[in-house]
Amino acid sequence: MPGTRSSGLLALGGIVLAAVLAVMGHVGVSDDLDPWSLTVSDFAVSDRGGVIDTAMAVLAAASVMLLPALRRAGAGRVPLALLTAWSAGLLAAAVVPTNEPGTPMDTAAYVHRYASVLSFLALPVAGWLLARNPVAGAAAWLRGLTVASLLLAGAMIWSAYPGDRALLGLIERALILTETAVITTLALHLTLTKVVDYAVVTPHRPGIPVGSGAATP
C-alpha cells in the first residue's frame with residue numbers, strides 16, 4: 001500500500017538522520033570522554049540540547065511513523081503499545097538529562113535511567129511479537145536481533161552493577177545499534193513488501209462475489 005510504503009520510507013529517512021547526528025555528537029567532544037566506558041547519555045549531558053539529544057528524538061519520531069502502517073497491516077495492540085513505550089522512553093531520555101559523570105544521581109538522572117531501561121526492554125519484546133505477524137517475512141532477522149538485544153541488555157546490567165562499569169559504553173552502543181537495526185528491519189519490510197490492509201473488511205455473503213452488486217431477496 002502506498003501509505004504503508006511512505007511510512008516505511010519516512011522512518012528510514014529518520015533513522016539515517018538520527019545515525020548521522022549521533023556520529024556527529026561523538027566527534028569533537030572532549031578527549032576526556034571515553035566511549036569505551038562512558039555511555040551515550042554521558043556524552044549527551046556534556047552538551048545539553050546538542051545533536052545526540054536531537055538524534056534520540058528523531059529516532060523516537062521515526063519509530064512512531066511505523067505505528068499506523070503496522071496497525072493497518074494487522075499488528076496487535078501489545079506490540080504496538082510496546083513500540084509506543086520504546087518511543088516515549090527514548091524521547092523522555094532525550095529531554096530529561098542524566099547526571100554528569102562522577103557526580104551523584106539526582107531525580108532527573110533516575111528518570112533518564114528508567115526511561116532508557118523501558119525503551120531497551122520494550123523494543124525487543126515488540127520485535128519478537130511482530131515476527132509472527134504481520135512481518136513474518138522478516139521473522140528470522142527480527143528474532144535474531146531481539147535475542148541479541150536482550151543478551152546485550154543483560155550484559156549492560158551486569159556491567160553497570162557487579163561489573164564495575166567494565167566496557168559499559170561499548171556494550172550500550174552495541175545494544176543501541178542492535179535495537180536500531182530492529183526498527184530498520186521493520187521499516188524496510190514495510191517499504192519493500194506489499195502489505196494487505198487488515199483495517200478494512202468488506203462484509204459479504206457466501207456465494208456472492210464482493211463488489212458484484214448482487215442482492216439477496
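Where is the place of Ala73? I looked this up first in the model, which is a predicted one, and I found Ala73 in the loop between H3 and H4. Although it belongs to a loop, Ala73 is buried, and I noted a relative accessible area of 1% for it. I then followed Ala73 to a partner that is remote along the chain, and the C-alpha atoms of Ala73 and Asn133, which are 60 residues apart in sequence, turn out to be separated by 8.6 Å.

**Entry on the chain**

I went on to the secondary structure, which comes to seven helices and zero strands, and I wrote the order from the N terminus as α-α-α-α-α-α-α. Of the 217 residues in the chain, buried ones make up 41%. When I took the contacts between residues at least 6 apart in sequence, I found that 72% of them join residues at least 24 apart.

**Entry on the nonpolar cores**

I asked which residues of the largest nonpolar core touch the most other members. The core holds 41 residues, and the ones in question are Leu66, Leu70, Leu83 and Ile183. The elements that give two or more residues to this core are H1 (2–26), H2 (40–45), H3 (51–72), H4 (77–95), H5 (107–130), H6 (139–160) and H7 (168–192). H3 provides the largest share, which is eleven residues.

I took Leu83 as an example and, setting aside residues up to four places away in sequence, I listed its contacts as Leu67, Leu70, Leu123, Ala126, Leu130, Ile183 and Leu186. There is also a second, separate core of six residues, with Phe120, Met156, Leu168 and Leu175 among them. I set beside this the general remark that nonpolar side chains tend to be buried together in soluble globular proteins.

**Entry on H5 and H7**

I next examined how H5 and H7 pass each other, and I noted that their axes come within 10 Å and cross at roughly 35°, the crossing being left-handed. On the H5 side I found Ser119, Phe120, Leu123, Pro124, Gly127 and Leu130, which meet Glu172, Leu175, Ile176, Glu179, Val182, Ile183 and Leu186 in H7. I sorted the residues of this contact by type and obtained nine nonpolar, two polar and two charged.

**Entry on the salt bridge**

How many salt bridges does the structure hold? I found one, formed by Arg165 with Asp42, and the closest N and O atoms of the pair are 3.3 Å apart. Because Arg165 lies in the loop between H6 and H7 whereas Asp42 lies in helix H2, the pair ties together parts that are 123 residues apart in sequence. I also checked the accessibility of both partners: Arg165 is partly exposed, with a relative accessible area of 38%, while Asp42, at 7%, counts as buried.

**Entry on two further residues**

I stayed with helix H2 for Ser41, which has its place there, and I asked whether Ser41 counts as buried or exposed. Its relative accessibility is 11%, and since the cut-off for buried is under 20%, Ser41 counts as buried. Leaving aside neighbours within four places in sequence, I found Ser41 in contact with Thr98 and His112.

Lastly I looked up Gly144, which is found in helix H6 and is partly exposed, with a relative accessible area of 40%. The C-alpha atoms of Gly144 and Val182, 38 residues apart along the chain, are separated by 9.5 Å, and I noted that Val182 is one of the residues of H7 that take part in the contact with H5.

Conventions:
Residues numbered from 1 in each chain as written. Predicted model: local features only at pLDDT ≥ 70, side-chain atom pairs only at ≥ 80, totals over all residues. Heavy atoms only, no water. Core = buried A, V, L, I, M, F, W, Y, C linked by side-chain atoms within 4.5 Å. Buried < 20%, exposed > 50% of the residue type's maximum accessible area, 1.4 Å probe, protein only. Helix = DSSP H or I, 4+ residues; strand = E, 2+ residues; numbered from the N terminus. Contact = heavy atoms within 4.5 Å. Salt bridge = Lys/Arg side-chain N within 4 Å of Asp/Glu carboxyl O. Axes fitted to C-alpha atoms, helices over the stretch in contact; angles between N-to-C directions. Left-handed = near helix turned anticlockwise from the far one by under 90°. Nonpolar A, V, L, I, M, F, W, Y, C, P; charged D, E, K, R; others polar.
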